[in-house]
Amino acid sequence: MGAENLPPIEMVDIRPFMMNAYRDWIIASNCTPYVAVIAERATVPREHVKNGKIILNVSPRATKDFLINENGMMFNARFSGKDFPVYVPLDNIEGVYAKENGEGCHFMSDAMEIPISCDGEVLSPKEPPKKKPTLTVVK
């Protein structure tokens, strides 16, 4: 039975799973997970926003009640000594990376059309993502 005979299945958004996996990997590597965020529509301390973006430390020591799911990323943190509830919609998360060495993953943002790069390659927004290799049947 080939794949063409299978009924279509709608997959859930992979980004929350990727975010959790990369965050866990970065923490297990004894590094600090940072998340690059587009501040528009996000609940973040505005005094720390620069050029419409903010970098958030999402390590266990910096956050409380960290949760990321299909609705977005949520946690409590302290900024300038004050508790602050952070909420970031999934589409506003540009990527997650280790503070110490930059290892991590850059996600696609539908609103911003930012290319994905999870292999350490940094793509500029104008550069199209590389085409995936294809297989050809040879008889």
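This report describes the helix, the four-stranded sheet and the nonpolar core of a predicted model.

The chain has 139 residues, of which 35% count as buried. Its secondary structure consists of one helix and seven strands, arranged from the N terminus as α-β-β-β-β-β-β-β. Of the contacts between residues at least 6 apart in sequence, 44% join residues at least 24 apart.

**The helix**

Helix H1 covers residues 15–28, a run of 14 residues. From its first C-alpha to its last it reaches 20 Å, close to the 20 Å expected at 1.5 Å a residue. Its buried residues are Arg15, Pro16, Met19, Tyr22, Arg23 and Ile26. Viewed down the axis of H1, these buried residues fall within an arc of 135°, so they line one face of the helix. Phe17 and Ala28, on the other side of H1, are exposed. The cover over the buried residues of H1 includes strands E1 (33–38), E3 (63–69), E4 (72–79), E6 (93–98) and E7 (104–106).

Both flanks of the helix can be described briefly. In the segment before H1 lies Ile14, which is exposed with a relative accessible area of 53%. The C-alpha atom of Ile14 is separated by 8.7 Å from that of Glu70, although the two residues are 56 apart along the chain. Just after H1, Asn30 takes a positive phi of about 60°.

**The sheet**

Four strands form an open sheet in the order E2-E1-E6-E7, with antiparallel pairing. Strand E2 (53–57) and E7 are the edge strands, each pairing on one side only. On average, neighbouring strands of this sheet are turned by 20° against each other, direction ignored. H1 packs on the sheet, where it touches E1, E6 and E7. The direction of H1 makes about 20° with that of E6.

E1 pairs with E6 in the antiparallel sense over five bridges. Five bridges also join E1 to E2, and these two strands run antiparallel. The table lists some bridge partners of E1 residues.

| Residue of E1 | Bridge partner | Strand of partner |
|---|---|---|
| Pro33 | Ala98 | E6 |
| Val37 | Ile93 | E6 |
| Ile38 | Lys53 | E2 |

Six of the six residues of E1 are buried, so the strand is largely enclosed by the rest of the structure. In a regular strand the side chains alternate between the two faces of the sheet. In E1, Pro33, Val35 and Val37 point one way, while Tyr34, Ala36 and Ile38 point the other way, and all are buried.

**The nonpolar core**

In soluble globular proteins, nonpolar side chains tend to be buried together. The largest nonpolar core here has 25 residues, and those that touch the most other members are Leu56, Met73, Val88 and Ile93. Two or more residues of this core come from each of H1, E1, E2, E4, strand E5 (82–88) and E6. E4 gives the largest share, four residues.

Which residues are in contact with Leu56, leaving aside its neighbours within four places in sequence? They are Pro33, Tyr34, Val35, Val37, Val44, Met73, Phe75, Phe79, Val86 and Val88. Among these contacts, Pro33, Val35 and Val37 point one way from E1, and Tyr34 points the other way.

Conventions:
Residues are numbered from 1 along each chain as its sequence is written. This is a predicted model: local features need pLDDT of at least 70, side-chain atom pairs count only at pLDDT 80 or more; totals for chains, interfaces and linings use all residues. Side-chain values use heavy atoms; hydrogens and water are left out. The expected span of a helix is 1.5 Å times one less than its number of residues. Buried means under 20% relative accessible area, exposed over 50%, partly exposed in between (1.4 Å probe, protein chains only). The arc is that of the directions from the helix axis to the C-beta atoms. Contact means heavy atoms within 4.5 Å. Two strands pair if DSSP finds at least two bridges between them. Axes are lines fitted to C-alpha atoms, for helices over the stretch in contact, and angles run from 0 to 180 degrees between N-to-C directions. A nonpolar core is a set of buried Ala, Val, Leu, Ile, Met, Phe, Trp, Tyr and Cys residues joined through side-chain atoms within 4.5 Å.
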